[in-house]
Amino acid sequence: MTYSQSVKEELCEAKFHCKQCSVAFVYAMLLFGDRHDDVLFQTDNRKVIALLAQKIVELTGVIASFVNVFPNRKKHPLYELKLEETEDVSVFYTLFDKALKDVVDCSVYQKKCCRASFLRAVFLTCGVIVNPAKEYHFEFKIKQKELANQLSILLVLAGLEFHSVMRKNRYILYLKDSEAIEEILTIMGAHKNALNLMNVKIEKELRNRVNRVTNCETANIQKTVKASMKQVQDIEFIFAKKGRGFLSDDLREIAETRLRCPELSLNELMQEIPFPLSRSGLNHRLNKLCKIAQELRSEDIQ
């Protein structure tokens, strides 16, 4: 099951708060869904088409039935919904005449709960969401420009500003912002998936923070190792060139301690020095050893 399918399953279980919510839901399904000839709606999701059929019966009393067009195809089924041509079928066409003519009627979603039902239906017909563990991406794929424009207006009323692009003869409205995706999932009624997205976001932020700290620590370790290797090389050069007695007692003690403990940081090396010394004092003396080594090397070149 894809992440989009899991969201759609949750939306199919969402509550309808009033009769007009159901009208807005069916209206949007017919408006944004795929239909042709006597087929009112088609989808590869059985729960979605079953919910649409149920709502049509509840609202109009007209029997709406659906069949799997490819019953032998298990992986990618295609369900189509048709109405039974009975005497009362005109009730359905009267109620949803504008939707069947691709006309957006704002009166069907005047209330906040009805707008939520309308958006929920739009997602069930042409919505896609990528698993947030991979990336933040939510989109509607719409068949007509005018429908895309009208949906954009509705989304702005809901406080959401989508980006738009044309792709494969479809008008795409999309979001990349995680907070905006959380918001629309919550509005539509996918509360569990909205919480899941929040948890994924928190995990990502914690992982990134740990990575930053780890990278910083790694960089510090590499810096310490590089500095220590340079100090060891300089000390070995001084001892080879001039002998241990060339250095003063305190410098010799520090040089010998560094040779004995090349892996230690300055803070750790301070603990191995037999006399009191601050970090800056230790660093100063190590730099002095480096300077002595440079001067001895310069003498060799001359």
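Helices (H or I, at least four residues) and strands (E, at least two) are DSSP runs, numbered from the N terminus. The views below show a predicted model, in which local features need pLDDT of at least 70 and side-chain atom pairs count only at pLDDT 80 or more, while totals for chains, interfaces and linings use all residues. Residues are numbered from 1 along each chain as its sequence is written, and side-chain values use heavy atoms, with hydrogens and water left out.

**View 1. A salt bridge within helix α9, between Asp234 and Lys230.** A salt bridge is a side-chain nitrogen of Lys or Arg within 4 Å of a carboxyl oxygen of Asp or Glu. By this rule the count comes to 16 salt bridges. For Asp234 and Lys230, the closest N and O atoms are 2.8 Å apart. Both residues belong to α9, where four residues, about one turn of the helix, separate them. An α-helix has 3.6 residues a turn, so residues three or four places apart point the same way. Accessibility classes are as follows: buried means under 20% relative accessible area, exposed over 50%, and partly exposed in between (1.4 Å probe, protein chains only). Asp234 is buried, with a relative accessible area of 1%, whereas Lys230 is partly exposed at 36%.

**View 2. A nonpolar surface patch made by Ile221, Val225 and Met229.** The patch has an area of about 290 Å². Patches are made of residues with over 30% relative accessible area and no salt bridge; like charges are joined within 9 Å, and nonpolar side chains (Val, Leu, Ile, Met, Phe, Trp, Tyr) within 5 Å. Accessible areas come from the Shrake-Rupley method with a 1.4 Å probe, and for residues only the protein chains shown count as cover. Ile221 is found in helix α9 (residues 191–242) and counts as exposed, at 53% relative accessibility.

**View 3. The open sheet of four strands, in the order β1-β2-β4-β3.** Pairing in this sheet is antiparallel; two strands pair if DSSP finds at least two bridges between them. β1 (34–36) and β3 (64–68) stand at the edges with a single partner strand each, so one side of each is left without a neighbour in the sheet. Neighbouring strands are turned by 30 degrees against each other on average, direction ignored. Five bridges join β3 to the antiparallel strand β4 (residues 79–83), and the bridge partner of Phe66 in β4 is Leu81. Helix α3 (residues 46–60) packs on the sheet and touches β2 (39–43), β3 and β4, contact meaning heavy atoms within 4.5 Å. The direction of α3 makes about 10 degrees with that of β4. Axes are lines fitted to C-alpha atoms, for helices over the stretch in contact, and angles run from 0 to 180 degrees between N-to-C directions.

**View 4. Helix α1 and its surroundings.** Seven of the 10 residues of α1 (residues 3–12) are buried, so this helix is largely enclosed by the rest of the structure. The buried residues are Tyr3, Ser4, Val7, Lys8, Glu10, Leu11 and Cys12. Their cover includes α3, α6 (112–126), β5 (127–129), α8 (178–188) and α9. Glu9 of α1 forms a salt bridge with Lys47, the closest N and O atoms being 3.5 Å apart. This pair links distant parts of the chain, since Lys47 lies in α3 and the two residues are 38 residues apart. Glu9 is partly exposed at 29%, and Lys47 is partly exposed at 40%.

**View 5. The hairpin of β7 and β8.** β7 (163–167) and β8 (170–175) have two residues between them. The strands pair in the antiparallel sense over five bridges, and His163 stands opposite Tyr174 in β8. Most residues other than glycine have a negative phi. In the loop between the strands, Lys168 has a positive phi, near 50 degrees, and Asn169 has a positive phi of about 65 degrees. Lys168 is exposed at 77% relative accessibility, and Asn169 is exposed at 67%.

**View 6. A salt bridge between helices α12 and α10.** The side chains of Arg285 and Asp250 meet at 3.3 Å, N to O. Arg285 lies in α12 (residues 279–301) and Asp250 in α10 (residues 249–260), so the pair ties together parts that are 35 residues apart in sequence. Arg285 is partly exposed at 23%, and Asp250 is partly exposed at 29%. Elsewhere, salt bridges that share partners join Glu139, Lys141 and Arg167 into one network.
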